[in-house]
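Here is a short tour of a single model, with the backbone first and the core and surface after it. Have a look at the structure before reading on.

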Amino acid sequence: MFVLTDQRSIADRFFGNLRNPLIQKNRPLFRANLSKVGALLAFEVSKKLHYMDYEIETTLGTAKGYKLSKPPVIITILRAGLPMLDGFMNMFDDADMGFIGEQRVEKDSEEITIKREYAALPDLTNRDVIVIDPMLATGKSMVEAVEHLSNFGSWQSLHISSVIAAPEGVKYLNANLPFAYSLYLGTIDDGLNDDSYIVPGLGDAGDLSFGPKT
Ligand SMILES: O=P(O)(O)OC[C@H]1O[C@H](OP(=O)(O)OP(=O)(O)O)[C@H](O)[C@@H]1O
Ligand SMILES: O=c1cc[nH]c(=O)[nH]1
């Protein structure tokens, strides 16, 4: 498991901005910070993909270059995944994309359940698949999404990335995903509150990015 904030870096500034309720009021800035952390996580995922070498003829000679053997497929969990996708797309600019809408159904004093509302997915056979969602809280949205993806072909490798994770979510993936995967997290917080929100977290990433929904 890779955790971006295990090492001090400029990423800490983006987390400070993401969590600050005053800065959160600036919606474009909130989305921009999710995008920046997304780009840094994409860079980490890129280190685990396969590359082939090739020759580049410069005006002065021949340089050895490396390129991805094949572009990955990025699957975004809607809706909060979209600003994070912006950062991933900036890095993997020739990736194929898939989208899956997972809605947490939050009822008082009941466990969270997940309702899938939308999916537009490519064939995943032999592909390097990266699933992104900024918040890994209970982990149920991610597990539901990956289970659905498994109907779309046998992938070559599976990478899961979130900006903020709860330890409960990480454990839930471990216990419930019957596939090999690697995990790339921005940071791991203390845990979940009674409403299954990440603490200290940042609040509702979807609402902060796009406004409240009914
Ligand atoms: O790990 P979990 O407990 O499943 O929670 C994480 C999910 O919650 C949020 O989505 P939400 O259902 O609020 O929808 P939204 O993105 O449309 O706001 C977030 O974007 C994740 O998809
Ligand atoms: O803390 C949380 C949990 C789920 N979804 C969010 O946006 N935030």
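Arg79 sits in the loop between β4 (73-78) and α4, and the peptide bond leading into Arg79 from Leu78 is cis, with omega near 5°. Helices (H or I, at least four residues) and strands (E, at least two) are DSSP runs, numbered from the N terminus. This is a predicted model, where local features need pLDDT of at least 70, side-chain atom pairs count only at pLDDT 80 or more, and totals for chains, interfaces and linings use all residues. Residues are numbered from 1 along each chain as its sequence is written, chains are lettered from A and ligands numbered from 1 in the order in which they are written, and side-chain values use heavy atoms, leaving out hydrogens and water.

**Backbone**
- Most residues other than glycine have a negative phi, and most peptide bonds are trans.
- The bond from Val199 to Pro200 is cis, with omega near 0°; Pro200 lies in the loop between β12 (198-199) and α7.
- Ser196, not a glycine, has a positive phi of about 60° and belongs to the loop between β11 (191-192) and β12.
- Ser196 is buried at 16% relative accessible area (buried means under 20%, exposed over 50%, partly exposed in between; 1.4 Å probe, protein chains only).

**Core**
- The largest nonpolar core (buried Ala, Val, Leu, Ile, Met, Phe, Trp, Tyr and Cys residues joined through side-chain atoms within 4.5 Å) has 31 residues, and those touching the most other members include Val37, Phe88 and Leu202.
- Its largest share, 6 residues, comes from α3.

**Exposure**
- Asp108, in the loop between β5 (96-105) and β6 (113-120), counts as exposed at 72% relative accessibility.
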